[in-house]
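Subject: Handover of a structure and the findings in it

Dear colleague,

I am writing to hand over a structure to you. Please look at it first, and then read the notes that follow it.

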Amino acid sequence: MYLAVSLDIALANGQALTFSDLAGFARQAEAAGLDMIVLDDSAPHSAASSSPFEATTLVAALATMTEKIGLVATASTVAHQPYNLARRFASLDIISHGRAGWNATMAQAPREAANFSRPDGFSAEDFRRRSEEYIGIVQGLWQGWDADALLFDRDSGRFHDPEKMHLLDHKGEFFSVRGPLNVARSPQDTPVLVLSGLTEGDLDIAARTADVILLDERPAAENKARHDDFKRRVSACGREPDAVKVLTDISLTADSISGLAGRLEEEFRLRGCDGFNIRLPAQLSVFDDFIDRVLPELRRRGLFRERYRGTTLRSHLGLAGGGEQ
Amino acid sequence: MTRQMKLGAFLWATGHHIAAWRHPKADVTAGIDIDHYIQLARTAEAAKFDMVFCEDAAGLREANVAIASQTSRSIGFEPISLLSALAVQTSRIGLVSTASTSYNEPYGLARTFLSLDQLSGGRAGWNLVTSASPIEAANFGSTGLKPHADRYERAREFAKVVTGLWHGESFRGHDGQSFSVRDPLDLPRSPQGAPVMVQAGASDVGRDLAARTADVVFTAAQTFEEAKAFYDDLKSRMATYGREPDDIKIMPGVAPVVAETEAEAREKFEELQELIPDDVGVALLSGYLSISDLWRYPIDGPLPELPESEGMKSRQALVIEQSRRDGLSIRQLARHFAGARGHWRIAGTAVQIADELQARFEGGAADGFNVMPAYFPGELDAFATLVVPELQRRGLFRKEYEGATLREHLGLKRPG
């Protein structure tokens, strides 16, 4: 199974986490061998927050303090223009040597648009079409440079091969973006696209575009039906069912530690999901219990790998490259 | 204590010289190598520079793909993520990035720079640009580049909102011509009061905006007279906005090539100039002049008559002025500008370079300099090990950091 750990940096008990707290947490998660950390971003939720950091800047900083673990930042399609967001994440992916991911939420945050010169926000239908167009642009921009485009040939004076740089030339309902991106292809091909906040109407978009989806926790039988339905949608798009990993959110509490390994095993074996996104409470010490008590048990049962096998987030998640090269 | 100069290390991939990437002592993979940048930032910090500075464009810098492919400038790091990484790999040096008022929203930009400021313990700065390139415009809609005046109108409102947001709880929302913002930022107040505001626009409206809002101004001036005229003009505009002349540090760009002897320095520079292909030089010059068909004119002839541009007005005037003054052909101008990008270029020994910097600094033409090494890491190392000690020996530059934040390094007031 795949294991992500998710931290709402704004939550931390009303007390701001320092960067060194967060770096310590990231190294702890890396030492435990988890696939990735998903960093929520506070702005969409409310004006009251205790987080001193915005998620993409935090991921850049954490990338220099870690070596293996995937680092996924939440970033909103309202707060950034698609070209800028694509650049930021492509750059994070190079800084981290291929460990970056973008968590795009399909749920519109009610307060956010009003801070971005859109006091009325978007209708649900517009927001969905806009999000889909936006994701397409970002993924298209990420593929603007072929993996072998950079030549670095000093003698001939050819820095890159112009044939291997591609314009996007996107003209759509909401955006017009010519491209190409001015950031090179990353060591993992393209950043990992994580989609969250999905409702029924978003599932086909996710099936077409996502590498990972995060779903809320439901009773086991419901999870299985939902998982099967989603994988059918993935197949219908001409993708391998395994090309998108479904992670179910698990809210970790001090009381839920005992018996958790068994619960996760049952759900995983039922094929209710491909893994879990462990959502940490404000009390971060519960994470110690997860690492000391739950993780060894999952390993003993052969459900989670002993160590990292590759160096990129795509390799941790068993994902192929992000698109045609 | 005597007044000391401020120094910025202007980082740019393989180097500021357009052919830097072809130089054997440049790191050719700089645009995809974070360790390269960490090393540069640490070198600049060990030399006690006030800040590292990153320029930016949200798009390719050259429309002609054949020409672009002969330079290293089509790919690189996005600067805010780059500086966020550098923030936790350094401890004292300031971190300044360019970001556009045309292709961002003030709430998002204010929040991102404040986060960089938090990560660095109060060392962040924002270089405001309005983005003059139609290549960038095409990545943000189909309507093309907005006129100069409209961009600055938007920039003025943008800067006002950002400053208001950085000032914290007193922010009461904004509902204006281009932007509306409801809430204050959801991040704690900056460790230095507010990130440092930097500007580089030198046109008339650009100067007014700087006089009103900037803490630092970068500028391009080749001669002492140009530098002095700009300096005096900008400082004289500040009283209108109730500011003291010392509230802005004016830091012209300088592109030094330093060596043990003057002959060696000239040789080093010529070696670089010979690596510039003519078509690349002409294309770069076309960019400064905001015209696309300069290549149609005979390369050994003079500049044609040009219409006033909607792009970078001030830079265009500078190029035209120089071509007339020195009677330069297109090829000569192209090489000249390709070599220093319109900035002040000096090749010489550490003593000679220190003399030149001292003359502008003490002559009232600069509060400091934004140093643009020809190639990285070699020429930053050379400046740090040869020129900086000479400036320190003369008492013109600090030997140790006195403060913790960028505002403290620059001797700027903390905003209330």
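Helix α7 of chain A, residues 260-269, has these buried residues: Leu260(A), Ala261(A), Leu264(A), Glu265(A), Glu267(A) and Phe268(A). Please bear in mind throughout that this is a predicted model. The cover over the buried residues of α7(A) includes two helices of chain A, α6 (220-236) and α8 (285-300), together with the strands β11 (245-251) and β12 (275-279) of that chain. Just after α7(A) comes Arg271(A), which has a positive phi of about 60°.

Two further residues of chain A deserve attention for their backbone angles. His97(A) has a phi near 55°, a positive value in a residue other than glycine. His97(A) is placed in the loop that runs between α3 (82-95) and β4 (100-105) of chain A. With a relative accessibility of 42%, His97(A) counts as partly exposed. Asp189(A), which is likewise not a glycine, has a positive phi near 85°. Asp189(A) lies in the loop between β8 and β9 of chain A, and its relative accessibility of 7% makes it count as buried.

The loop between β8 (176-177) and β9 (192-196) of chain A also holds Pro180(A). The peptide bond that leads from Gly179(A) to Pro180(A) is cis, with omega near -5°. A cis peptide bond is found in chain B as well, from Phe376(B) to Pro377(B), where omega is near 0°. Pro377(B) belongs to the loop between β11 (368-371) and α14 of chain B.

Helix α14 of chain B, residues 378-393, packs with helix α13 of chain B, residues 350-362. Their axes are 9 Å apart, at an angle of about 55°. How are these two helices oriented to each other? An angle of about 55° falls outside the ranges for roughly parallel, roughly antiparallel and roughly perpendicular, and α13(B) and α14(B) are therefore oblique to each other. The crossing of α13(B) with α14(B) is right-handed. On the α13(B) side, the residues that meet α14(B) are Ala350(B), Val351(B), Ile353(B), Ala354(B) and Leu357(B). On the α14(B) side they are Phe383(B), Leu386(B), Val387(B), Glu390(B) and Leu391(B). Nine residues of this contact are nonpolar, none is polar and one is charged.

A second helix pair joins the two chains. Helix α2 of chain A (residues 55-63) and helix α3 of chain B (residues 79-87) have axes that come within 7 Å and cross at roughly 50°. The helices α2(A) and α3(B) are therefore oblique to each other, and their crossing is right-handed. Which residues of α2(A) and α3(B) meet? From α2(A) they are Thr57(A), Ala60(A) and Ala61(A), and from α3(B) they are Ile80(B), Ser81(B), Ser84(B) and Ala85(B). The residues of this contact comprise four nonpolar, three polar and no charged.

Two loop residues may be studied through their contacts. Asp50(B) sits in the loop between α1 (34-46) and β2 (51-54) of chain B. Is Asp50(B) buried or exposed? Its relative accessible area is 0%, so Asp50(B) is buried. Beyond its neighbours within four places in sequence, Asp50(B) is in contact with a set of residues of chain B that includes Met5(B), Lys6(B), Leu7(B), Ile93(B), Gly94(B) and Phe397(B). Also among its contacts are Arg398(B), Leu406(B), His409(B) and Leu410(B).

Lys68(A) lies in the loop between α2 and β3 (70-74) of chain A. At 30% relative accessibility, Lys68(A) counts as partly exposed. Setting aside residues up to four places away in sequence, Lys68(A) touches Glu30(A), Arg99(A), Tyr308(A), Gly310(A), Thr311(A) and His316(A). Gly33(A) is 35 residues from Lys68(A) along the chain, and the C-alpha atoms of the two are separated by 8.3 Å.

Finally, I turn to the cysteines. How many disulfides does a search of the whole structure find? The search finds zero over all chains. Cys54(B) is buried, with a relative accessible area of 4%, whereas Cys237(A) counts as partly exposed at 33% relative accessibility.

Yours sincerely,
A colleague

Conventions
Residues numbered from 1 in each chain as written. Chains lettered and ligands numbered in written order. Predicted model: local features only at pLDDT ≥ 70, side-chain atom pairs only at ≥ 80, totals over all residues. Heavy atoms only, no water. Axes fitted to C-alpha atoms, helices over the stretch in contact; angles between N-to-C directions. Helix = DSSP H or I, 4+ residues; strand = E, 2+ residues; numbered from the N terminus. Parallel < 35°, antiparallel > 145°, perpendicular 65-115°, else oblique. Left-handed = near helix turned anticlockwise from the far one by under 90°. Contact = heavy atoms within 4.5 Å. Nonpolar A, V, L, I, M, F, W, Y, C, P; charged D, E, K, R; others polar. Disulfide = S-S within 2.5 Å. Buried < 20%, exposed > 50% of the residue type's maximum accessible area, 1.4 Å probe, protein only.
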